[in-house]
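The following exercises concern one protein chain. Please work through each task with the sequence and the coordinates at hand before reading its solution.

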Amino acid sequence: MKRSFASLTPQEVLALAISLEEEDARIVQEFARQVRRSHPDFAAQLDELRKEEDGHRARLLELYRSKYGDEIPLIRRSDISGFV
């Protein structure tokens, strides 16, 4: 069952943010893989963007663990109604 963003607890919002950073990094990584042969400079830029996303995720994980512990609920973009 989909939930509204407004119904999420602060803990769940942080878990969603972690999930989104991971997903975004994987998307950028896949784009880089697909263009690496034909556009190596662009692929290198995408690799740097992926590293930034990984850094965002790492900081969010650190914040989550300091506030809520190690068990992070699985919340994905597709679980939230109207969420792009």
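**Exercise 1. Overall architecture**

The chain contains two helices and zero strands, where helices (H or I, at least four residues) and strands (E, at least two) are DSSP runs numbered from the N terminus. The model is predicted: local features require pLDDT of at least 70, side-chain atom pairs count only at pLDDT 80 or more, and totals for chains, interfaces and linings use all residues. Residues are numbered from 1 along each chain as its sequence is written, and side-chain values use heavy atoms, with hydrogens and water left out.

Task: Compare the radius of gyration of the chain with that of a compact globule of 84 residues.

Solution. Begin with the rule, 2.2 Å times the number of residues to the power 0.38, the radius being taken over C-alpha atoms. For a compact globule of 84 residues, a value near 12 Å would result, but the chain has 15 Å. Next, consider the extents: the C-alpha trace spans about 45 × 30 × 15 Å along its principal axes. Finally, 24% of the 84 residues count as buried (buried means under 20% relative accessible area, exposed over 50%, partly exposed in between; 1.4 Å probe, protein chains only).

**Exercise 2. Nonpolar cores**

Task: Determine which residues make up the largest nonpolar core, and which elements give two or more residues to this core.

Solution. A nonpolar core is a set of buried Ala, Val, Leu, Ile, Met, Phe, Trp, Tyr and Cys residues joined through side-chain atoms within 4.5 Å. The largest such core has six residues: Leu14, Ala15, Ile18, Leu60, Leu61 and Tyr64. The elements contributing two or more residues to this core are α1 (10-35) and α2 (40-68). Apart from this core lies another, of five residues, including Leu8, Leu16, Leu20 and Ile75. In soluble globular proteins, nonpolar side chains tend to be buried together.

**Exercise 3. A contact distant in sequence**

Task: Establish where Arg76 lies, and which residues Arg76 touches, not counting residues up to four places away in sequence.

Solution. Arg76 is located in the segment after α2. With contact meaning heavy atoms within 4.5 Å, Arg76 touches Leu16 and Ser19 under that exclusion. Ser19 belongs to helix α1. Arg76 and Ser19 are 57 residues apart in sequence, and their C-alpha atoms are 6.3 Å apart in space.

Task: Is each of these two residues, Ser19 and Arg76, buried or partly exposed?

Solution. Ser19 counts as buried because its relative accessibility is 17%. Arg76 has a relative accessible area of 41% and is therefore partly exposed.
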